[in-house]
Amino acid sequence: IYENFQRSHQSIMNMFCNPTAFGLSEDSNVTKAFPGAVKSSALAAHIKATLSKNGYSDDKTLVATSLCCDEVNRELEKDITDMYNFNFSMGGLAGFAFGGVTSFGAMAHHIPDNGNCLVVYGPHHIPD
């Protein structure tokens, strides 16, 4: 399990070294201000492809999100939810789940038998 996690993590981190491969041009304002930035749809697609290669199936994977409640995060949340068909939203402020230990306990009861859970968390960052 740990080896699969390491491979998945490394693949996802590698994508941030090549944002042009994921829909952002090198001369965009976002890329200039935030080197390594990628579009949420590209991040979601890359996560799904990476996890699929490592045995995560749609019907056995629960997505749980804890993203800052600002509307800028809804796009990423929707892109990931659309790929896995369900989202257990734990709310969030700066990426910390509103419900704390209680929300993680509730989320754990929704993980399919012999399944996996993808926890997506984080604050929002957006250029002006």
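## Questions about a predicted fold

Colleague: How many bridges join β1 to β2?
Modeller: Strands are DSSP runs of E with at least two residues, helices are runs of H or I with at least four, and both are numbered from the N terminus. Two strands pair if DSSP finds at least two bridges between them. β1 and β2 run parallel, and the bridges that join them number 3.

Colleague: What kind of model is this?
Modeller: Residues are numbered from 1 along each chain as its sequence is written, and side-chain values use heavy atoms, with hydrogens and water left out. Local features need pLDDT of at least 70, side-chain atom pairs count only at pLDDT 80 or more, and totals for chains, interfaces and linings use all residues, the model being predicted.

Colleague: Which residue is the bridge partner of Val63 in β2?
Modeller: Val63 belongs to β1, which covers 61-67, and β2 covers 87-89. Over in β2, the partner that Val63 bridges to is Asn87.

Colleague: And which residue in β3 is the bridge partner of Thr65?
Modeller: β3 covers 116-122. It runs parallel to β1, with 7 bridges joining the two. In β3, Thr65 is bridged to Val120.

Colleague: How many of the residues of β1 are buried?
Modeller: Buried means under 20% relative accessible area, exposed means over 50%, and partly exposed is in between (1.4 Å probe, protein chains only). Thr61, Val63, Thr65 and Leu67 point one way from β1, while Leu62, Ala64 and Ser66 point the other way, and all are buried. β1 is largely enclosed by the rest of the structure because its buried residues number 7 of the 7.

Colleague: Which element gives the largest share of the largest nonpolar core?
Modeller: A nonpolar core is a set of buried Ala, Val, Leu, Ile, Met, Phe, Trp, Tyr and Cys residues joined through side-chain atoms within 4.5 Å. The largest one has 12 residues in all, including Val38, Leu67, Leu76 and Val120. α3, β1, α4 (74-84) and β3 each give two or more residues to this core. The largest share, 4 residues, is from α3.

Colleague: How many residues are in the other core?
Modeller: Ala64, Met90, Ala97 and Met107 are among its members. That core lies apart from the largest one, and its residue count is 6.

Colleague: Why does the span of α3 agree with its 14 residues?
Modeller: The expected span of a helix is 1.5 Å times one less than its number of residues. For the 14 residues of α3 (residues 40-53), that should come to 20 Å. The span agrees because the distance between the end C-alpha atoms is 20 Å.

Colleague: Which ring does Lys48 lie over?
Modeller: A charge sits over a ring if NZ of Lys or CZ of Arg is within 6 Å of the ring centre and within 35 degrees of the ring normal. Lys48 is one of the buried residues of α3. At 4.7 Å from the ring centre, Lys48 lies over the face of Tyr84.

Colleague: Which residue, with a positive phi near 70 degrees, follows α4?
Modeller: The residue lies in the loop between α4 and β2. It is exposed, with a relative accessible area of 63%. Its phi is positive although it is not a glycine. The residue that follows α4 is Asn85.

Colleague: Is Thr81 buried or exposed?
Modeller: Thr81 lies in helix α4. Contact means heavy atoms within 4.5 Å, and Thr81 touches Phe86 and Asn87, not counting residues up to four places away in sequence. With a relative accessible area of 18%, Thr81 is buried.

Colleague: Is Phe98 buried or exposed?
Modeller: Phe98 lies in the loop between β2 and α5. Leaving aside neighbours within four places in sequence, its contacts include Cys69 and Met90. At 56% relative accessibility, Phe98 counts as exposed.

Colleague: How far apart in space are Phe98 and Cys68, C-alpha to C-alpha?
Modeller: In sequence, Phe98 and Cys68 are 30 residues apart. In space, C-alpha to C-alpha, the distance between Phe98 and Cys68 is 9.7 Å.
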